[in-house]
Amino acid sequence: MSRSDHVLIIGSGVAGMEACLMLSKAGKKVTLVEKLSLIGGKTIKNEETFPNMDCSTCLVAPIQQEILQDSSINVLTLSSVEEVKGDAGNFTVAINKKARYVDMIACLGCGMCYPPCPVELINEWEENLTTKKAVYVPCAGALPNVPVIDAEKCLHLNGTDLECNKCMEACMFGAINLTEKDEKLELNVGAILIATGYDMLDICAIKDLGYGQYPGVYTAMEFERLFASNGPTEGKLVMRDGETIPTSVAIIHCVGRTQTHYCSAVCCMASSKHAHFLHHKLSDAQIYNIYSDICLPDKTYQKFHEDVKAHSSQFIYQSDRDKMKITEENGKLKVGYLDNNNKDTSIQVDMVILANALKPAVGSDELEKVLGINHDKFGFVEAQPFRIGSVTTSKPGIFVAGCAEGPKDIQSSVIQSEAAVAEILSLLNS
Amino acid sequence: MSEKIGIYVCECGPNIASKVDIEKIKQEISNLEDFKDVELVVKNHKLLCSVAGKKYLENEINENNLTHLVCAACSPRDHDTTFINVCKKTQLNPYLYQLVNIREHCAWIIHDKEEATAKAIRMIHAGMDRVLYQQPLEEKQLDSNPDVLIIGGGIAGMEAALKLASKDRMVFLIEKTDKLGGKSAKLKELLPRQGVNLNILHQKISDVQSNKHIKVFTNTELASIVGFLGNFEIVIKAVNNPNNTTDLLAGAVVVATGFELKGAASLDSYNITDTDEIYNALEIEEMLSQHGTITRRNGEEPKKVALIHCVGRSEVGYCSKICCNYLLKIAKMLKDQSAKIEVTEFFKDLCLPNKHDEDFYEQVKTRGIDFIRFKNMTVDGTNVKFTDISDAKKQLDVDMIIVGTAMIPADGAKELAELLKIDQHETGFYQEAHLKINPVSTNTDGVFVVGGAHGPAGISESMLQAQAAAGKIFTQLIPGQKIIPEVKVSEILEAYCTGCKTCLDVCGYGAIYFDEDKGISVVNEAICRGCGNCVGSCPSGSIRTRHFTNPQLYQEVKEALR
């Protein structure tokens, strides 16, 4: 049976995107499957990346644009892999592509369809910090810059009001198509790359930390969006009431590490970055980083961290990360912890940022089942047969890169992606 | 042939059309006083980037025999390539086209329609002035050599060699010592999380040696290299006899020269005075590999061992990333050797960034090892005086000390950087082209850096980086495929160059060399990226970057500022 020269990449974060462009340059056809309506992954949720404070959009947007304009790359957003049959060199893949209800070619992304939409929804992509319409793009600058309609919430599509055609009427290009149907696609591919990334650990269950109970407690990703100039507050650092500016902030490292049972590798740097952001925007604010071990695994990281320590934040050691307790007292958040002498100590702050652990992306167990590959006890894809220096999975022809394999920073994700490209090209060109 | 400029205004649906007066633009542009002798075609289209729009533009260029094209539309980030590709389908050289951004620069930011229209007209006028001064440029195609030179025969270099070597691609692997394997070949065992024993590493040495597409040169180092991606001319020399040289040709270079461990004798921050019973991790691994046990210099088994983390870290200014793990492994090996050996790990922070590290740490902890988090330390002989995290001053007498010292760049890193024209990070390790999104490439196209040469890295990471470099080479250097170098490059006008060499210093790509015979600087067009640094630095104004010449920029700016 002949071998397919076509590669399927699942996940459009930095790892998936890098592989896409490289494979296309090497003359392969690529299909990029992304479950969301936009490509770019988690990187685009960050305003700036550590340690050089590169603007994330500036890093990623040219890559996104190149992918969208590359005729060898077929980008399938709102899509998921349903079934995989066959072997290395010759997989048959069934993909479910959900209807966007907006024509990708006709739409210019002018945004005229949002204002007339009568439905207002919570915007999950913005960490629930703002709202969106039933026809929406998750954030300004989303690529492809084409809205999607939430079929369950759209009054027309869910049957509440079949007369509601307000978005259609507002569109000057006839781009909105409320009769679009989900599609089943079948592809023949020679190799598959899993680059499905990570999600953040849900920390509502860790009751002592008060997340979900006290509005002043934020997750790291919520704070990223709060700081983002295309985020819910356009980068204005205010509390949930939309006006109060915090005067003191505690950033807690290693949140959920006991539960996940691994270090998430990026949080110390991300938390140092958050202290840097805060100090930069609120120069008078008192900032604390409460840590138990500082992990800075790159030649460039310590310098940044030391700079933050010297200028932006007071780093406090806590001797037992499971003994932290956050309560409310006199309108302030009281952060209780065990200090370097194992004594109960506390500080009072307006805002707490919890650097919660990274975990396998939602839906990775189903995907691992569909692909028929092994995962480790945490649910991350396990590289095999050697865990050492390998991007191959338990099934020949299927490779893994980025945080789908375990928590890691952007450069380590890109390195794995480039390594996976070497494996894929070796396989397909052999 | 007389000039005929086509000016096409894109409405971008309502995006441009509703915010500027398209008819007024057309009318004013058609009647510009300073273009009254030039034939103009001025038209508008609903959406030039659409399939229909592109076809329309293509037909317009052909039917009107346009000599120049100006598109007034959106940001070049969105559609410059789109219109360049349209030009390429026609007789019009794409460098005789100019995109004017009247969407982001006018329609989207100016509320007053009249003002937005006036600015759009001025910008289009500027684009027309510029386009007449533009010159057709032709893309060149160069043959490329798919072969690869790898410098360094450690785990990273061998991994890269094995991935790259094939019947279409020869690999030359040079190693300055007399054998392959590097530091990892000295190890006794790997971490449990690495999931393999050392045999697979030793296997790689014989795989490299028996691969007929890999030519290994031991006791050899780089003497000189010139050229660019696809065409490097290389001279290698014997380490002990510099006159014994060999010439090679290759299309890419992978630098895998590894690292060194900072010596135990230079541990300033811990005031270590006597290094008699102080060993670094590699010495312990070698001792184990050779004799099977860890012993003191007198041959006796140690009774009390202190393992000290982060030695030399404050001096070098970075975390070496792998020491916490290997010191845990050595603690385990000591306990494996004899449960009676008392082992204490002195650390400041534990850095365990792999998903399986925590498990290993928990497992080692159960072996009866003391973990002491310390703030300061002085080591006198084998007496360790320290302040612990609770600020208590304590001391511990041991009979052996094993240190996790900082990983530092290999000897000769600076000289090699100069030969290869690649940058060094302030730590002395080689600098990646972009830390985040281009981590194994360097500022010199075709030169890649992997493993310990890139920064502290363990075996696993070094192998992944080597594979990543192979991936990059597979996509940039395809056997039989031509290389198309940048067209918009700098050129030096021989007559004006005074030979001051200023441009040589500012060129970040090593694209300028000095012709001693003529006494002038010369641009190597295959390497030049057209950044323009040299143009700005040249005191005699003898350098220009194609497509961004002074007259072109002047024409555009003059009209834009009128």
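User: Before anything else, when do two residues count as in contact?
Analyst: Two residues are in contact if their C-beta atoms, placed from the backbone, lie within 7 Å. By that rule, 53 residues of chain A are in contact with 52 residues of chain B.

User: Which parts of chain A give two or more residues to the side that touches chain B?
Analyst: Those elements are helix 1 (14–25), helix 2 (56–69), helix 7 (301–311) and helix 9 of chain A. Helices here are DSSP runs of H or I with at least four residues, strands are E runs of at least two, and both are numbered from the N terminus. Helix 9 of chain A gives the most, with twelve residues.

User: What's that side made of, by class?
Analyst: The side of chain A that touches chain B has 29 nonpolar, 14 polar and ten charged residues. For the classes, Ala, Val, Leu, Ile, Met, Phe, Trp, Tyr, Cys and Pro are nonpolar, Asp, Glu, Lys and Arg are charged, and the others, Gly among them, are polar.

User: OK, and what kind of model am I looking at?
Analyst: A predicted one: local features need pLDDT of at least 70, side-chain atom pairs count only at pLDDT 80 or more, and totals for chains, interfaces and linings use all residues. As for labels, residues are numbered from 1 along each chain as its sequence is written, while chains are lettered from A and ligands numbered from 1 in the order in which they are written.

User: Back to helix 9 of chain A. How does it meet helix 14 of chain B?
Analyst: The axes of helix 9 (residues 410–429) of chain A and helix 14 (residues 459–476) of chain B come within 7 Å and cross at roughly 60 degrees. Axes are lines fitted to C-alpha atoms, for helices over the stretch in contact, with angles from 0 to 180 degrees between N-to-C directions. The two helices are therefore oblique to each other; under 35 degrees would be roughly parallel, over 145 roughly antiparallel, 65 to 115 roughly perpendicular, and the rest is oblique.

User: Which residues make that contact?
Analyst: From helix 9 of chain A they include I415(A), A419(A), A422(A) and L425(A). Helix 14 of chain B gives, among others, L464(B), A468(B), G471(B) and F474(B). The residues of this contact divide into nine nonpolar, five polar and three charged.

User: New topic: how is chain A built overall?
Analyst: Chain A has nine helices and 24 strands. Its C-alpha atoms fill a box of roughly 70 × 60 × 35 Å along the principal axes. A compact globule of 430 residues would have a radius of gyration near 22 Å, and chain A agrees with 23 Å. That radius is taken over C-alpha atoms, and the globule rule is 2.2 Å times the number of residues to the power 0.38.

User: And chain B?
Analyst: Chain B has 17 helices and 25 strands. Its radius of gyration is 32 Å, well over the 24 Å that the rule gives for 562 residues, so chain B is more spread out than a compact globule. The C-alpha trace of chain B spans about 100 × 60 × 45 Å along its principal axes.

User: How much of each chain is buried?
Analyst: Of the 430 residues of chain A, 52% count as buried. In chain B, buried residues make up 48% of the 562. A residue is buried if 20 or more other C-beta atoms, placed from the backbone, lie within 10 Å of its own, exposed if 12 or fewer, and partly exposed in between.

User: What about helix 7 of chain B, mostly covered or mostly open?
Analyst: Mostly covered: in helix 7 (residues 155–164) of chain B, ten of ten residues are buried. Among them are E159(B) and K163(B).

User: Where are the cis peptide bonds you can show me in chain A?
Analyst: One runs from F50(A) to P51(A), with omega near -5 degrees. P51(A) lies in the loop between strand 3 (48–49) and strand 4 (54–55) of chain A. Another joins L143(A) and P144(A), with omega about 0 degrees. P144(A) is in the loop between strand 10 (135–136) and strand 11 (148–149) of chain A.

User: I also noticed A265(A). What's its phi?
Analyst: Phi of A265(A) is near 70 degrees, a positive value in a residue other than glycine. A265(A) sits in the loop between helix 5 (257–260) and helix 6 (267–281) of chain A. With 24 C-beta neighbours inside 10 Å, A265(A) counts as buried.
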